[in-house]
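Thanks for coming. I will take a few minutes to walk through one structure, and I would ask you to keep it on the screen while I talk.

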Amino acid sequence: MLAQSILLLAAAAFPAVTAAPALQYREPTKTSTSPRTTHSVVAGRGGLRFDPENIVAEVGSIVEFHFTPLNHSVVEAAFDSPCVPKDATSFFSGFFPVPRPADGSAVQSGEVFQIEVRDDKPIWFYCAQNTGRHCQSGMVGVVNQRFDGDKTLAVFRSKAAAVQGASVVQAQVQGGWRGANPNPQSGF
Ligand SMILES: [Cu+2]
């Protein structure tokens, strides 16, 4: 009876994980017959960084995130508020746990997360891993930073470093496409 009560308490504290939501894929808005450019970004290579972290990408192109050990993610933020989603529609990749090989060889997740660049506005993003406080430690980046103002990646990073709280994620993977890595060697 006691064991049963404990089980019930445990069930209340850890509600059953609901079925994974359907992945949302944002259909292209641009009508074009030319192939779309894919910009590969590797999360976690060489430390708590995205590589590259300052991406210039034309409207209609794809930014494809690859994930190295141990467990990174990518979330869209507003420039003034790093480490939290910009709004309810901000993209969130989910987490990509990847064991680190004992021999130290370079590996990446078998899955990637893709977003489409839909306009020429800057897209600020961060890794929401709280173990090691990745965002606050500088694991941030931008697509299409304006190079003529003071909204720079360096300033965004310094704002992230000042965040006292934990990083925040969305309730589900959204705002992009997560699936099998179509370019296993890309970015490596
Ligand atoms: Cu990370």
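Among the contacts in the chain with a separation of 6 or more, 74% are between residues 24 or more positions apart. Keep in mind that this is a predicted model. The chain has 188 residues, and 41% of them count as buried.

Now the elements. There are two helices and eleven strands in the chain. Reading from the N terminus, the order is α-β-β-β-β-β-β-β-β-β-β-α-β.

How do the strands pair? Let me take strand β8 as a starting point, residues 111–116. Strand β4, residues 62–67, runs antiparallel to β8, and four bridges join the two. One position to look at is Val 63, which stands opposite Ile 115 in β8. Strand β8 also pairs with strand β11, residues 177–180, again in the antiparallel sense and over four bridges. Here Glu 111 has Ala 180 in β11 as its bridge partner. Strand β8 is mostly covered, with five of its six residues buried.

Next, an open sheet. Four strands make it up, in the order β3-β10-β9-β6, and the pairing is mixed. The edges are β3, residues 54–55, and β6; each has a single partner strand, so one side of each is left without a neighbour in the sheet. Within this sheet, β9 and β10 pair in the antiparallel sense over four bridges. Phe 125 is found opposite Gly 141 in β10.

That brings me to the metal site. Which residues coordinate the copper ion? They are His 72 through ND1, Cys 127 through SG, His 134 through ND1 and Met 139 through SD, at 2.0 to 2.6 Å. Written along the sequence, the spacing of these donor residues is H-x54-C-x6-H-x4-M. Why is the arrangement called tetrahedral? The four donor atoms subtend angles of 93 to 128° around the copper ion, and the criterion for four donors is that all angles lie between 85 and 135 degrees.

Two of those ligands, Cys 127 and His 134, are buried. For Cys 127 the relative accessibility is 0%, which is why Cys 127 counts as buried.

Staying in this region, look at Gln 129, in the loop between β9 and β10. Is Gln 129 buried or exposed? Its relative accessible area is 12%, and the cut-off for buried is under 20%, so Gln 129 is buried. The side chain of Gln 129 reaches the backbone nitrogen of Thr 131 at 3.1 Å. If we leave aside neighbours within four places in sequence, Gln 129 is in contact with Asn 71, Ser 73, Phe 95 and the copper ligand His 134.

Last, the disulfide. The structure holds one, formed by Cys 83 and Cys 135, with their sulfur atoms 2.0 Å apart. The pair links distant parts of the chain, 52 residues apart. Cys 83 sits in the loop between β6, residues 75–77, and β7, residues 96–97. Cys 135 sits in the loop between β9, residues 123–126, and β10, residues 140–143. The torsion about the S-S bond is about -85°, so this disulfide is left-handed. Both Cys 83 and Cys 135 are buried.

That is what I had to show. I can take questions now.

Terms used:
Residues are numbered from 1 along each chain as its sequence is written. This is a predicted model: local features need pLDDT of at least 70, side-chain atom pairs count only at pLDDT 80 or more; totals for chains, interfaces and linings use all residues. Side-chain values use heavy atoms; hydrogens and water are left out. Donors are N, O and S atoms within 2.8 Å of the metal (3.2 Å for Na, K and Ca); water is not among the atoms, so sites may look incomplete. Four donors count as tetrahedral if all angles lie between 85 and 135 degrees; four count as square planar and six as octahedral if opposite donors are over 155 degrees apart and all others between 65 and 115; anything else is irregular. Buried means under 20% relative accessible area, exposed over 50%, partly exposed in between (1.4 Å probe, protein chains only). A disulfide is a pair of cysteine sulfur atoms within 2.5 Å. A polar contact is a pair of N or O atoms within 3.5 Å; within protein, one must be able to donate a hydrogen and the other to accept it, and residues adjacent in sequence count only if both atoms are side-chain atoms. Contact means heavy atoms within 4.5 Å. Two strands pair if DSSP finds at least two bridges between them.
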